[in-house]
Amino acid sequence: MEEENQITKGKYAADISSIKEAHTRIKSMILKTPVLSSSSLNAISGRELYFKCECFQKGGAFKFRGACNAVFSLDDEDASKGVITHSSGNHAAALALAANLRGIPAYIVIPKNAPTCKVENVKRYGGQVIWSEASMRSREEVANKVRQETGAILIHPYNDGRILSGQGTISLELLEQAPQIDTLVVPISGGGLISGVALAAKSINPAIRILAAEPKGADDAAQSKAAGRIITLPETNTIADGLRAFLGDSTWPVVRDLVEDIITVEDSEIIKAMKLCFEILKVVVEPSGAIGLAAVLSDTFQKNPAWKDCKHIGIVVSGGNVDLGILWNSLNK
């Protein structure tokens with residue numbers, strides 16, 4: 001029970017009680033996404049795999065959980081000014097949708113290199129798109145300017161306890177849907193998803209293992225874990241457009257303490273896993289959503305004796321917002 005005792009209230013940006021409160025707050029608005037399995041993928045991986053399909057969530061990704069929790073936990077006065085964020089993708093659409101449901105404005109700062117399909121999602125949900133340059137500095141500067149002009153409340157894509165608590169609701173569902181799971185494999189970028197998932201899962205089952213999956217071209221979390229402090233990279237290079245952010249001060253302590261290991265994979269492995277998801281699971285996934293499967297199939301995981309008794313593996317399929325034009329090109333390369 002040592003793990004359980006570690007997760008004392010107030011130690012991290014979220015905890016099991018804030019995650020359960022989030023679930024009560026948002027459960028009428030989110031979808032309880034299905035868990036899929038495939039005997040073919042079990043045979044290929046040599047494990048029992050359980051895919052938590054957040055690609056079927058509203059907005060096409062898990063991000064709606066956190067955004068919904070953040071938006072609906074604002075008091076009426078704050079909410080009336082609207083919300084703002086800077087995001088290249090799924091959080092942007094999720095926040096626009098959550099704000100739309102609450103009937104408040106959403107100002108979304110989007111870098112010019114964002115995938116078209118994700119920008120279209122923001123517009124579809126009524127978000128006001130404001131463009132920035134690709135760099136994080138430009139994103140933050142533009143967001144601050146709009147915030148000063150509008151008084152809107154900033155909802156960070158991951159470095160926020162309300163976001164972590166919303167994402168943690170995935171574990172509440174998944175461990176009820178497949179209680180036999182002994183290991184969770186979760187994509188890592190800014191760490192909002194894996195932090196929420198880990199905090200909830202370790203509270204429910206302290207023996208559960210949490211493994212992160214990260215692209216080699218954006219392996220800041222793996223480097224951070226090795227160095228024992230947050231490392232950021234001068235640039236990232238990966239097809240997984242959802243996994244290019246760096247850890248924040250709300251997510252790093254959870255990743256440092258509760259994530260057992262970070263498995264890094266090449267883009268070619270991610271594309272292969274996407275193909276398997278399309279062909280065998282019959283599910284549309286974006287690169288970031290396929291990386292969990294890529295990690296489980298990787299030599300790093302398969303040949304590591306430390307993970308040989310990971311028999312029942314839950315894989316969070318984080319999203320399905322893929323630019324199909326880019327996908328066809330990458331498959332033909």
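The following questions and answers concern a predicted model and take up its helix packing, its sheet and two of its residues.

Me: At what angle do α4 and α6 pack, and is their arrangement oblique or roughly parallel?
Reply: Helix α4 covers residues 63-72 and helix α6 covers residues 90-102, and the axes of the two lie 8 Å apart. The crossing of these helices is right-handed. Angles under 35 degrees count as roughly parallel, and α4 and α6 pack at about 40 degrees, so the pair is oblique.

Me: How many nonpolar residues are in the contact of α4 with α6?
Reply: On the α4 side the contact is made by Lys63, Phe64, Ala67, Cys68, Val71 and Phe72, while the α6 side includes Asn90, His91, Leu95 and Arg102. By class, two of the residues in this contact are polar and two are charged, and the number that are nonpolar is 11.

Me: Is Asn69 of α4 buried or exposed?
Reply: Asn69 is found in helix α4, and, leaving aside neighbours within four places in sequence, Asn69 is in contact with Ala22, Arg25, Ile26, Arg162, Ser165 and Gly166. Because the relative accessible area of Asn69 is 2%, and a value under 20% is the cut-off, Asn69 is buried.

Me: Which strands are the edge strands of the open sheet?
Reply: The sheet has four strands in the order β5-β4-β3-β6, with parallel pairing. An edge strand here pairs on one side only, and this holds for β5 (128-132) and β6 (153-154).

Me: Which residue of β4 is the bridge partner of His86?
Reply: Strand β3 (residues 83-86) is covered on both faces, with Val83 and Thr85 buried on one side and Ile84 and His86 buried on the other. β3 and β4 pair in the parallel sense over four bridges, whereas β4 (residues 106-111) and β5 do so over five. One residue of β4 stands opposite Ile130 in β5, and the bridge partner of His86 in β4 is that residue, Val109.

Me: What is the relative accessible area of Glu286?
Reply: Glu286 is found in the loop between α13 (267-281) and α14 (287-297). Not counting residues up to four places away in sequence, Glu286 touches Gly60, Asn90, Lys118, Met274, Gly319, Gly320, Asn321 and Val322; among these, Asn90 also takes part in the contact of α6 with α4. Glu286 is buried, and its relative accessible area is 1%.

Methods
Residues numbered from 1 in each chain as written. Predicted model: local features only at pLDDT ≥ 70, side-chain atom pairs only at ≥ 80, totals over all residues. Heavy atoms only, no water. Buried < 20%, exposed > 50% of the residue type's maximum accessible area, 1.4 Å probe, protein only. Contact = heavy atoms within 4.5 Å. Axes fitted to C-alpha atoms, helices over the stretch in contact; angles between N-to-C directions. Parallel < 35°, antiparallel > 145°, perpendicular 65-115°, else oblique. Left-handed = near helix turned anticlockwise from the far one by under 90°. Nonpolar A, V, L, I, M, F, W, Y, C, P; charged D, E, K, R; others polar. Pairing = 2+ DSSP bridges.
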